[in-house]
Amino acid sequence: MDALLAAYASGGLPKSLHALVGSHLELNPDSRVYVHALETALASSVDEGEPVIVKNRLARLDEIFSAEPVKSRVSDDLVSDNSLAGEPRALRHFLGRSIEAMEFRTVLPGVKECHIETDDGTTAILYRIRGGKKMPQHTHEGSEVTLVIRGAFRDESGYYGRGAVAITDEDIDHTPVAVEGEECLCFAVTDAPLRLTGPIGKYLNRFIRH
């Protein structure tokens with residue numbers, strides 16, 4: 001997790017992961033302190049570095065000052081919508097709308113997902129999992145970073161509540177289970193497909209690819 005926060009502080013994450021970590025920081029004050037310290041250290045290192053000559057400096061400044069203001073992807077109607085209460089602003093900005101306005105599809109009884117289009121080489125998915133429901137046992141061909149926005153889930157590595165981030169890779173084979181009593185809403189970013197495991201999962205892998 002520390003490496004992920006350090007990459008966020010240095011601006012080295014793809015857009016989807018940047019939104020995920022930014023949302024985590026909104027929900028988890030402890031991580032904000034760590035990232036602030038990293039950003040302060042990075043700023044100090046810039047001040048201590050040797051000046052770099054910028055080519056066409058005046059032309060670049062003219063271009064910056066003449067540029068149109070960046071418009072938010074989120075409409076004014078959505079900003080004032082009460083359904084946004086509790087939704088991280090970073091994720092809302094990435095989606096361009098409220099989570100409730102996203103289109104989910106049922107993939108298993110009690111499990112819905114919404115794929116979000118990205119242009120950064122990652123796969124971003126929102127999951128809504130009914131309390132008590134179990135996700136299929138699986139592992140990963142790369143890494144998966146999952147943020148819990150609402151509710152909680154458990155797997156072989158522990159318990160993850162609101163604001164927590166679970167990081168898995170090809171060395172982890174797990175079966176996430178949403179905690180009873182409340183829907184678990186998660187935002188997950190992967191850099192490679194997941195692979196179902198177990199007798200049934202191995203068979204389904206022939207037909208299901210994420």
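This briefing describes the sheet, the helix packed on it and the nonpolar cores of the structure above. The model is predicted. Its open sheet comprises six strands with antiparallel pairing, and helix H2 (residues 15-27) packs on that sheet. The largest nonpolar core has 29 residues.

**Sheet**
- The six strands follow the order E1-E2-E3-E10-E5-E8.
- Strand E1 (105-108) and strand E8 (165-168) each have a single partner strand, so each stands at an edge with one side left without a neighbour in the sheet.
- From one strand to the next, the twist averages 30 degrees.
- Four bridges join strand E5 (residues 144-150) and E8 in the antiparallel sense; in this part of the sheet, Glu 144 stands opposite Thr 168 in E8.

**Helix on the sheet**
- Helix H2 touches strand E3 (123-129), E5, E8 and strand E10 (184-190).
- The direction of H2 makes about 40 degrees with that of E5.

**Nonpolar cores**
- Within the core of 29 residues, Leu 126 and Phe 187 have the most contacts.
- Two or more residues of this core come from each of helix H1 (2-9), H2, helix H6 (89-95), strand E2 (111-116), E3, E5 and E10.
- Leaving aside residues up to four places away in sequence, Phe 187 touches Ser 16, Leu 20, Leu 91, Phe 94, Ile 116, Ala 124, Ile 125, Leu 126, Val 145, Thr 146, Leu 147 and Ile 149.
- Another core, of 13 residues, lies apart from the largest one; among its members are Tyr 127, Met 135, Phe 153 and Ala 178.
- In soluble globular proteins, nonpolar side chains tend to be buried together.

How values were computed: Residues numbered from 1 in each chain as written. Predicted model: local features only at pLDDT ≥ 70, side-chain atom pairs only at ≥ 80, totals over all residues. Heavy atoms only, no water. Pairing = 2+ DSSP bridges. Axes fitted to C-alpha atoms, helices over the stretch in contact; angles between N-to-C directions. Contact = heavy atoms within 4.5 Å. Core = buried A, V, L, I, M, F, W, Y, C linked by side-chain atoms within 4.5 Å. Buried < 20%, exposed > 50% of the residue type's maximum accessible area, 1.4 Å probe, protein only.
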